[in-house]
Amino acid sequence: MGLNDIQIEGLSPTQCEIADILWKFDTVDQIDQWIQKIPTRRGRIEARIVQNMMVAAVLDQRDPDLEEANHYLQQIKDR
């Protein structure tokens with residue numbers, strides 16, 4: 001399963017547009033430069049949220065046990 005197969009549920013239409021734009025970039029630097037050009041703080045925050053959701057979706061896709069591993073690490077930390 002490739003990156004084009006990643007799906008994120010529950011995005012708003014604006015968030016879908018942001019995700020479509022972000023997928024077109026080749027590097028994190030390009031994403032950062034684009035986000036910095038967004039004129040409003042709220043827009044920049046929303047773009048970062050979408051970026052983080054995309055990263056999480058890719059990680060979940062590549063390693064579905066990551067959530068379980070985080071759960072165990074949290075239990076150890078809470079001891």
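Guide: Rings of Phe, Tyr and Trp (its six-membered ring) pair if their centres lie within 6.5 Å; planes under 30 degrees apart count as stacked, over 60 as edge-to-face and the rest as tilted. By this rule there is one aromatic pair here.

Visitor: Why is the pair of Phe25 and Trp34 called tilted?

Guide: Their centres are 6.2 Å apart and their planes meet at 45°. That angle is neither under 30 degrees nor over 60, so the pair is tilted.

Visitor: Where do these values come from?

Guide: This is a predicted model, where local features need pLDDT of at least 70, side-chain atom pairs need 80 or more, and totals for chains, interfaces and linings use all residues. Residues are numbered from 1 along each chain as its sequence is written, and side-chain values use heavy atoms, without hydrogens and water.

Visitor: What makes Gln51 buried?

Guide: Its relative accessible area is 12%. Buried means under 20%, exposed over 50%, and partly exposed in between (1.4 Å probe, protein chains only), so Gln51 counts as buried.

Visitor: Why is Phe25 called partly exposed?

Guide: Phe25 has a relative accessible area of 26%, so it falls in the range in between. Trp34, at 23%, is partly exposed too.

Visitor: Which residues is Gln51 in contact with, leaving aside neighbours within four places in sequence?

Guide: Leu22, Val28, Ile31, Asp32 and Ile35. Contact means heavy atoms within 4.5 Å.

Visitor: Which helix holds Gln51?

Guide: Helix H3, residues 41-62. The protein has four helices and zero strands. Helices (H or I, at least four residues) and strands (E, at least two) are DSSP runs, numbered from the N terminus.
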